[in-house]
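Got the viewer open? Here's a short tour with a few things to select along the way.

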Amino acid sequence: GLSCDGYRLPTEAEWEYAARAGTSGPLYGELDRIAWSFDDAGNRTHPVGTKQPNAWGLHDMIGNVWEWTGDWDGPYSSDAKTDPLGPSRGLNRICRGCSWYYTISYCRASFRMSSGAMVRLANIGFRPARTLFTQPQ
């Protein structure tokens with residue numbers, strides 16, 4: 001699967017929750033201060049942490065590289081859900097966050113794209129999540 005010693009790809013919902021860091025707008029700050037996009041990146045990725053972080057200290061949640069999620073591509077359910085999961089299988093995985101290859105109109109917390117699960121591109125990366133287990137008492 002997608003996990004290794006407690007590390008895994010975040011769900012799409014977990015990724016968006018982390019990116020927004022308690023905000024409700026499309027961005028957690030001014031775009032040119034928080035994200036590398038087509039307009040200023042010089043057609044390349046940049047070291048993480050060279051732009052301002054969100055309120056939870058996470059850098060580059062928007063821009064720089066798309067980030068894989070563990071969810072397969074599929075439509076959103078019309079039902080309200082807390083921490084929804086995507087389809088159980090598919091051909092494409094959801095990527096979030098936008099990248100330096102895209103213009104600013106795509107750079108927002110809610111924008112999603114899908115890509116083949118085996119695709120390797122210079123503008124797609126990942127940010128692992130960790131599942132912590134507690135010992136029963």
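Keep in mind as you click around that this is a predicted model.

**Stop one: R96.** Select R96, which touches E12, W15, E16, V65, W66, E67, T69, Y76, A109, S110, F111 and R112, leaving aside residues up to four places away in sequence. Colour by secondary structure and you'll find R96 in strand β3, residues 92-96. Is R96 buried or exposed? R96 counts as buried because its relative accessibility is 0%, and the cut-off for buried is under 20%.

Now show side chains and look at two acidic neighbours. The R96 side chain makes a polar contact with the side chain of E16 at 2.6 Å, and another with the side chain of E12 at 2.9 Å.

**Stop two: the largest pocket.** Keep E12 selected and add A13, Y76, P84 and L85: among the 22 residues lining the largest pocket, these five are the closest to its centre. The pocket holds about 430 Å³ of space. Which element gives the most to the lining? That's α1, with five residues. Highlight α1 (12-20), β2 (66-72) and β3 together, since each supplies at least two lining residues. Colour the lining by residue class and you get nine nonpolar, four polar and nine charged.

**Stop three: D32.** Jump to helix α2, residues 31-34, and pick D32. D32 is exposed, at 52% relative accessible area. Beyond residues up to four places away in sequence, D32 touches D40 and K51. Draw a C-alpha to C-alpha distance from D32 to K51: 8.3 Å in space, with their positions 19 residues apart in sequence.

Terms used. Residues numbered from 1 in each chain as written. Predicted model: local features only at pLDDT ≥ 70, side-chain atom pairs only at ≥ 80, totals over all residues. Heavy atoms only, no water. Helix = DSSP H or I, 4+ residues; strand = E, 2+ residues; numbered from the N terminus. Buried < 20%, exposed > 50% of the residue type's maximum accessible area, 1.4 Å probe, protein only. Polar contact = N/O pair within 3.5 Å; in protein donor to acceptor, adjacent residues only side chain to side chain. Contact = heavy atoms within 4.5 Å. 1 Å grid on protein atoms, 1.4 Å probe; cavity = no way out; pocket = protein on both sides within 12 Å on 5 of 7 lines; lining within 4 Å. Points joined across faces, edges and corners; volume = space filled by probe spheres on them. Nonpolar A, V, L, I, M, F, W, Y, C, P; charged D, E, K, R; others polar.
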